[in-house]
Amino acid sequence: MRFNELKAQIGDVSQRMLTVTLRSLEEDGLVQRQVYAEVPPRVEYQLTALGKSLLQRMIDLAEWANMYKAEIVKARQKYSEN
């Protein structure tokens, strides 16, 4: 995906924060950045094999959080009362 496509899909994220995050993910080997020598320059990002292996675990975590959202909210409320 191109940078602006990512930004649009993510939603409320600053350009700077997305840039910093993409660089960090690239440094960790989770994202690959491809620069095309065009005018204007085109840059695309894609998940590496390592990134794809993490993606499924992140999906599992999100599904777990959605499944237990009500219990998590109750626990937070109970904690705030103390």
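Which backbone oxygen does the side chain of threonine 48 reach? That of glycine 29, at 2.5 Å. This is a predicted model: local features need pLDDT of at least 70, side-chain atom pairs count only at pLDDT 80 or more, and totals for chains, interfaces and linings use all residues. Residues are numbered from 1 along each chain as its sequence is written, and side-chain values use heavy atoms, with hydrogens and water left out.

**Overall layout**

- The chain holds four helices and two strands. Helices (H or I, at least four residues) and strands (E, at least two) are DSSP runs, numbered from the N terminus.
- Read from the N terminus, the order of elements is α-α-β-β-α-α.
- The chain has a radius of gyration of 18 Å, well over the 12 Å that the globule rule gives for 82 residues, so it is more spread out than a compact globule. That radius is taken over C-alpha atoms, and the globule rule is 2.2 Å times the number of residues to the power 0.38.
- The C-alpha trace spans about 60 × 25 × 20 Å along its principal axes.
- Buried residues make up 15% of the 82 in the chain. Buried means under 20% relative accessible area, exposed over 50%, and partly exposed in between (1.4 Å probe, protein chains only).
- Take the contacts in the chain with a separation of 6 or more: 20% of them join residues 24 or more positions apart. A contact means heavy atoms within 4.5 Å.

**The hairpin**

- Strand 1 (residues 31-36) and strand 2 run antiparallel, joined by six bridges. Two strands pair if DSSP finds at least two bridges between them.
- Five residues separate the two strands of this hairpin.
- Proline 40 sits in the loop between strand 1 and strand 2. The peptide bond leading to proline 40 from valine 39 is cis, with omega near -5°.
- Valine 35 has valine 43, in strand 2, as its bridge partner.
- Arginine 42 also belongs to strand 2. Its side chain makes a polar contact with the side chain of glutamate 38, at 3.0 Å. A polar contact is a pair of N or O atoms within 3.5 Å; within protein, one must be able to donate a hydrogen and the other to accept it, and residues adjacent in sequence count only if both atoms are side-chain atoms.
- Leaving out residues up to four places away in sequence, arginine 42 touches Arg2, Gln34, Val35 and Tyr36.

**The nonpolar core**

- Eight residues make up the largest nonpolar core: Phe3, Leu6, Val13, Leu18, Leu22, Val31, Val43 and Tyr45. Helix 1 (3-10), helix 2 (15-27) and strand 2 are the elements that give two or more residues to this core.
- Such a core is a set of buried Ala, Val, Leu, Ile, Met, Phe, Trp, Tyr and Cys residues joined through side-chain atoms within 4.5 Å.
- In soluble globular proteins, nonpolar side chains tend to be buried together.
- Valine 43 touches Met1, Arg2, Phe3, Arg33, Gln34 and Val35, not counting residues up to four places away in sequence.

**Helix 2 to threonine 48**

- Helix 2 has 13 residues and reaches 18 Å from its first C-alpha to its last, close to the 18 Å expected. The expected span is 1.5 Å times one less than the number of residues.
- Glycine 29, just after helix 2, takes a positive phi of about 85°.
- Threonine 48 lies in the loop between strand 2 (42-47) and helix 3 (49-67). Its relative accessibility is 18%, so threonine 48 counts as buried.
- Beyond four places in sequence, threonine 48 touches Gly29, Leu30, Val31 and Gln32.

**Helix 4 and the chain end**

- Arginine 76 is part of helix 4. At 60% relative accessibility, arginine 76 counts as exposed.
- The C-alpha atoms of arginine 76 and arginine 2 are separated by 38 Å, with their positions 74 residues apart along the chain.
- Asparagine 82 lies in the segment after helix 4 (69-81). Because its relative accessibility is 78%, asparagine 82 counts as exposed.
- The side chain of asparagine 82 reaches the backbone oxygen of lysine 78 at 3.5 Å.
- From asparagine 82 to isoleucine 72 is ten residues in sequence and 16 Å in space, C-alpha to C-alpha.
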